[in-house]
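Student: I've never looked at this structure before. Could you walk me through how to read it?

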Amino acid sequence: MALIKDILRTMDYGPSPEGSEHVRVWLKEHEGGFGHFINGAFTKPGDLFDVFNPATGERIARATQGSPADIDAAVASARKAQAKWAALSGFERSKNLYALARHVQKRERFLSVLETIDNGKPIRESRDIDIPLVARHFYHHAGWASLIDSEFPGTKPVGVCGQIIPWNFPLLMLAWKIAPALAGGNTVVLKPAEYTPLTALAFAAMCVEARLPAGVVNIVTGDGATGAALVAHGGVDKIAFTGSTEVGRAIRKATAGTGKKLSVELGGKSPFVVFEDADLDSAVEGAVDAIWFNQGQVCCAGSRLLVAEGVAEALYAKLRARMANLRVGDPLDKSTDVGAIVAPAQLERIQRLIGEGEKEGLEFWRADDLLPDRGCFYPPTLVTGVEPASVLAREEIFGPVLVATTFRTPDEAVALANNTRYGLAASVWTENISRALEAAARIKAGVVWINSTNMFDAASGFGGYRESGFGREGGREGLTEYRIADEPKRKPNSAKPAPLSASPGLVPAGEIEHGYLDRTAKLYIGGKQARPDSGYSYAVVDPAGREVGLAGLGNRKDVRNAVEAAAKASSWGAATAHNRAQVLYYVAENLSARADEFARRLSAMTGASARAAEAEVEASVRRAFFYAGFADKFDGAVHATRSRFVTLAMNEPWGVMGVVCPNEAPLLAFVSLVMPAIAMGNCVVAIPSANHPLSATDFYSVLDTSDVPAGVVNIVTGEANALAKTLAEHDGVDALWYLGDAAGAAQVEALSAGNLKATWASGSALDWPKAEGREFLRRATQVKNIWTPYGE
Ligand code: NDP
């Protein structure tokens, strides 16, 4: 045994393993393998796969590979239970969630140990972070269950939710998925990751103990094929997915056109920005939590260290000293800082990426520590001198590897931070609050932590910008994903697009015939009228087939020019909401002044009666007024999260939005879609009604006279679905609304998988006179949560 005087000299920790006997007994009881959890009971074990302890390599359990038939049974069970579950009072549902929270709390130690054995994460983390957050999530949503009717009026549950989760926070991700779904009146079929199904199965047993009604929660284990079967199942109303961007993309494509609601929380390459006035010792501790927490297998890990040149060497020195003290080893040891990588395949992935970095000649530093001689371990690693183009700065390594780059100015820091296709999180370190908030505002990420990192709470939304996905989890924002409008089923859009080559056929644009002054409506791009790149126009005809005018036949090039013009106008998003409101009021005023002319045009194009056309113009003026009024009132929130933190939820514009209008209500639909988008600070590329585009092209003279800055609204006329295709494929478009036919909606969803832009695509008709409100503004924004600590 070590002598106390020796311990005092070396200050080494002795081993302090957490007892795991109770978990091992439980695993032994299930030696024959686990079945699925369907309709409130476990099925017989079927085709089994092995589950390993990554710290030792030993097999600890076997679970059943879910087949399409298993998914069928689970979905049927969830469907059967859903109506009854939704019909319970909020209070009844709340009691069920409360019971789950209490059961998690009662079994905190068991669950922590099981999670550590299954995943390899240090017991300190599963015990102090994962499992307490699981309980917190169920408590928080027990609250929402009883508040749902009063806080989400006019909505109803989505129905049956298919949920697919990764292996990095197995039970926590389960809680993030199941708690809001249940609170919202939905039932679920959840597929845990193949590497880490055990805490989900333990949770299933707790659902029985807590007397959750059968069928409300169903758990089917298996691999990616099981997940794909769940995604493809026709009985599922919503898919919620957390995992890699690659699989997120496949799921976006698979659900396109199915009407399934979708939220995806994907990968990241989050910046950890250290300014020169940062408290470097705090930043070092922050970096430990940012990249060595959970072995760096964290979607929002601060994996890119961006440090001011002047303090870089000092910071690296402190980091190296701290790394030398990190203990890598037995995850069940209470003194372990860094545990095991989840599986050999993940370890190989880390090694492969590091190998590529080595080929680039980067500088690596690792603590001179021996790794355990068995199991899946990788040492904490610091890589310096990394150029933004390096593979290590671009790819999600998903391991304990911090890559460092220096910057000279705050502008450069922001530019580097945003130099990624992801946008999940960012951490900003400075003692200057003004600089911190400026950086937080400018960095494109769904969560920004100031002088802190990896802070989570059930009351705050979490989710990404850009290719880190869309949708939020947690708080009010997350719950919105599990509710839909409670309204009668909508009819499909009725007005079928006419073939654009209708009489008199395609004509060269701008041709001036003898005695006829051409009135071809041009496109409107960057605040200027523009001839279509094709050089052609198409005839706009009335219901009797008579030509009432010509519109430009826009093509891909025109859309691309319009997107470029919209991107250049991005300062619109930074204008004060009051300024934007004034501009929108002005639009309404100018439209009102020309009401008669617009009504005549509508009648001529659509054949509407003079009265109906006047009513449409009047409704459009009101709608512009409505959004002018809302421009400075769609507030964010301050979430009640952790003590000594102000967690600001800011509604931010997407940036460049595509807006494809239906054929119906050509003026009102256009105004109803474009106004909320620009009220929130987006710049828009609008494709007006293909059959009746002239109200929209007349509208640009209203925009011109209303101080709408150039590029904020761009209008490209032509074949809606062809233009929508280019918008959906364009990486410069951040969000896309498409209201047309079902085939067009499916196309938009499938093609948006490229940059994972958020879409609202529908082939259903809206009731345009009523189509206004917060929901439009919510869809026109994304929420950024900024965590700001206070106190000395
Ligand atoms: P995946 O995205 O493959 O897995 C996430 C979940 O999706 C798992 O349950 C998985 O099942 C399931 N799945 C896999 N393929 C499909 C499919 N076609 N349809 C439906 N579900 C599917 O992540 P990996 O586990 O393979 O990790 C690979 C990389 O992804 C990591 O190195 C990391 O970069 C990133 N990642 C990001 C996460 C995040 O939180 N953002 C979390 C996990 C990984 P199964 O487990 O059986 O494969």
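Tutor: Let's go from the overall build to the ligand, and then to a few single residues.

Student: Sounds good. What kind of model is it, and how many helices and strands are there in the protein?

Tutor: Keep in mind that this is a predicted model. A quick inventory is a handy way in: the protein has 27 helices and 33 strands.

Student: And how compact is the protein for its length?

Tutor: For that, you set the radius of gyration beside what the globule rule gives. Here the radius is 28 Å, close to the 28 Å from the rule for 792 residues, so the protein is as compact as a globular protein of that length. If you prefer box dimensions, the C-alpha trace spans about 105 × 60 × 45 Å along its principal axes.

Student: What share of the residues is buried?

Tutor: Buried is a matter of relative accessible area, with the cut-off at under 20%. Of the 792 residues, 59% are buried. You can look at the outside too: the protein exposes about 30,600 Å², and carbon and sulfur atoms supply 53% of that.

Student: How do I read contacts between parts of the chain that are far apart in sequence?

Tutor: Take contacts between residues at least 6 apart in sequence and ask what part of them joins residues at least 24 apart. In this protein that part is 76%.

Student: Now the ligand. Which residues come nearest?

Tutor: Begin with the shell. There are 27 residues around the ligand, and Ile165, Trp167, Asp223, Ser244 and Glu396 come nearest. Sorted by class, the shell has 13 nonpolar, 9 polar and 5 charged residues.

Student: Which protein atoms lie at polar distances from the ligand's oxygen atoms?

Tutor: Look for N or O atoms within 3.5 Å. A polar side-chain atom of Trp167 is 2.5 Å from a ligand oxygen. For Lys191, a side-chain N or O atom lies 3.0 Å from an oxygen of the ligand. With Glu194 the backbone takes part: one of its N or O atoms is 2.9 Å from a ligand oxygen.

Student: How much of the ligand does the protein cover?

Tutor: Compare it with the ligand on its own, which has 840 Å² of accessible area; the protein covers 85% of that. The elements giving two or more residues to the shell are α9 (224–232), β9 (238–242), α10 (245–255) and α13 (344–359). The largest share, 3 residues, comes from α9.

Student: Let's try single residues. Where is Tyr378, and is it buried or exposed?

Tutor: Find the element, then check the accessibility. Tyr378 sits in the loop between β13 (363–366) and β14 (381–384). Its relative accessibility is 7%, so Tyr378 counts as buried. Its contacts beyond four places in sequence include Ile341, Leu347, Pro400 and Val401. The side chain of Tyr378 also makes a polar contact of 3.1 Å with the side chain of Arg366.

Student: Can we do the same with Ser270?

Tutor: Sure. Ser270 lies in the loop between β10 (261–265) and β11 (271–274), and with a relative accessible area of 1% it is buried. Among the residues it touches further along the chain are Cys299, Cys300, Arg304 and Leu424.

Student: And what about His692?

Tutor: His692 is in the loop between β29 (683–687) and α24 (694–704). At 15% relative accessible area, His692 is buried. Beyond four places in sequence, it touches Met605, Thr606, Asn663 and Pro666.

Key: Residues numbered from 1 in each chain as written. Predicted model: local features only at pLDDT ≥ 70, side-chain atom pairs only at ≥ 80, totals over all residues. Heavy atoms only, no water. Near = heavy atom within 4 Å. Polar contact = N/O pair within 3.5 Å; in protein donor to acceptor, adjacent residues only side chain to side chain. Areas by Shrake-Rupley, 256 points an atom, 1.4 Å probe, with all protein chains shown as cover. Helix = DSSP H or I, 4+ residues; strand = E, 2+ residues; numbered from the N terminus. Nonpolar A, V, L, I, M, F, W, Y, C, P; charged D, E, K, R; others polar. Rg over C-alpha atoms; globule rule 2.2 N^0.38 Å. Buried < 20%, exposed > 50% of the residue type's maximum accessible area, 1.4 Å probe, protein only. Contact = heavy atoms within 4.5 Å.
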